[in-house]
Each structure stands twice: as structure tokens, then as C-alpha cells.
Amino acid sequence: MIVPDSFGQYGWYRGDSVLEIRNFPVEHAGSVSCGAENCHQTIYSVWINGSHKTINCETCHGPAEQHVSNIRIMPSPANDSRDYCGLCHFKRAARPPDFLQIDPDIHGENLQCTYCHNPHKPGFV
């Protein structure tokens with residue numbers, strides 16, 4: 001069995017992992033950055049009052065730290081595919097019954113979810 005030299009340095013962890021994690025490049029800016037600089041204030045105010053307010057902007061739009069530092073660097077387009085929305089909303093027995101779920105075989109006629117729903121404030125458009 002191979003045990004890394006730094007294992008146990010901070011308890012039941014590999015001590016070198018702290019330095020390795022600290023050296024990861026910062027890629028995410030957080031949702032607050034979207035509204036704090038008045039760049040996306042209108043959509044931010046819609047999102048912050050909607051039921052998706054617990055989902056970080058970068059969950060769908062991707063890492064945005066470079067965009068916050070330089071507005072000419074655009075983040076990747078939001079993933080608005082039906083399967084991506086389905087990660088949370090396709091019907092699963094293990095999900096709470098009051099959580100909004102759909103059966104993708106009978107809901108939405110295979111249209112993208114954003115055709116009928118605003119992802120920043122879900123509900124019918």
C-alpha cells in the first residue's frame with residue numbers, strides 16, 4: 001500500500017492537497033459579481049427574486065472570473081438544453097414530491113425549456 005508522505009499532516013488528510021487546491025486558478029466569480037457592478041442589474045434583480053436564486057449564475061453560464069476582470073472576454077453561452085434543465089427537473093422518485101419535476105416524454109413536446117420558461121425566474125413566459 002502506498003501512503004503519500006504528507007498523509008496525516010492535518011488529520012485524516014493528505015497535507016499536500018491544501019497547497020495543490022490553493023494553486024488552482026480562480027475561474028468562478030460568483031453570482032454577486034453579476035449584479036454588484038451594475039453590469040447585469042436588470043436580469044440580476046429578476047433572478048434574485050425568483051425560485052432559481054439558489055442556483056449560481058455560473059452553474060448555467062459557466063465560469064465568469066475572466067469576464068468580470070475583462071468584459072471583452074465573454075463566458076460561454078448558457079447551457080439551456082433540455083437535458084441540462086432535466087438534471088434537476090426530470091421526474092425522479094428520490095426527489096421531494098413538492099419539487100417541480102416533469103416527465104420529459106410528455107412535457108414540452110421536445111422543445112427547449114427556455115421556449116416556455118424564463119430560466120432566471122421560472123414559470124411560464
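A residue is called buried here when its relative accessible area is under 20%, exposed when that value is over 50%, and partly exposed in between. In this predicted model, buried residues account for 18% of the 125 residues in the chain. The accessible surface amounts to about 9,900 Å², and carbon and sulfur atoms contribute 59% of that area.

The secondary structure is quickly described. The chain contains 6 helices and 0 strands, giving the pattern α-α-α-α-α-α when read along the sequence. As for overall dimensions, the C-alpha trace spans about 55 × 40 × 25 Å along its principal axes. The radius of gyration of the chain is 20 Å, whereas a compact globule of 125 residues would have a value near 14 Å. Among contacts with a sequence separation of 6 or more, 39% join residues that are 24 or more positions apart.

Charged side chains come next. The chain carries 9 positive and 13 negative side chains, and the centres of these two sets lie 6 Å apart. The structure holds 1 salt bridge, formed between E20 and R14, with the closest N and O atoms 3.0 Å apart. Both partners can be placed on the accessibility scale. E20 has 40% relative accessibility and therefore counts as partly exposed. R14 has 29% relative accessibility, so this residue also counts as partly exposed.

The loop between α2 (32–36) and α3 (41–48) is the setting of C39. With a relative accessibility of 48%, C39 counts as partly exposed, because that class takes in values between 20% and 50%. C39 can also be located relative to V68, a residue 29 positions away in sequence. The C-alpha atoms of C39 and V68 are 9.5 Å apart in space.

The segment after α6 (82–89) offers several further details, beginning with K91, which is found there. K91 has 58% relative accessibility and so counts as exposed. Leaving aside residues up to four places away in sequence, K91 touches Q101, I102 and D103. For one of these partners, Q101, the backbone distance is also available: K91 and Q101 are 10 residues apart along the chain, and their C-alpha atoms are separated by 4.8 Å.

Two other residues of the segment after α6 stand out for their backbone angles. E109 is found in that segment and has a phi near 50 degrees, a positive value in a residue other than glycine. N110, which lies in the segment after α6 as well, is likewise not a glycine, yet its phi is positive at about 65 degrees. Where do these residues fall on the accessibility scale? E109 counts as exposed, with 72% relative accessibility. N110 counts as exposed too, at 66% relative accessibility. Both assignments follow because a relative accessible area over 50% defines the exposed class.

Taken together, the predicted model presents a chain of 6 helices and 0 strands with a radius of gyration of 20 Å and 18% of its residues buried. Its 1 salt bridge links E20 and R14, while the segment after α6 includes the exposed residue K91 and the positive-phi residues E109 and N110.

Definitions and conventions: Residues numbered from 1 in each chain as written. Predicted model: local features only at pLDDT ≥ 70, side-chain atom pairs only at ≥ 80, totals over all residues. Heavy atoms only, no water. Helix = DSSP H or I, 4+ residues; strand = E, 2+ residues; numbered from the N terminus. Rg over C-alpha atoms; globule rule 2.2 N^0.38 Å. Buried < 20%, exposed > 50% of the residue type's maximum accessible area, 1.4 Å probe, protein only. Contact = heavy atoms within 4.5 Å. Areas by Shrake-Rupley, 256 points an atom, 1.4 Å probe, with all protein chains shown as cover. Lys, Arg positive; Asp, Glu negative; His and termini not counted. Charge placed at Lys NZ, Arg CZ, Asp CG, Glu CD. Salt bridge = Lys/Arg side-chain N within 4 Å of Asp/Glu carboxyl O.
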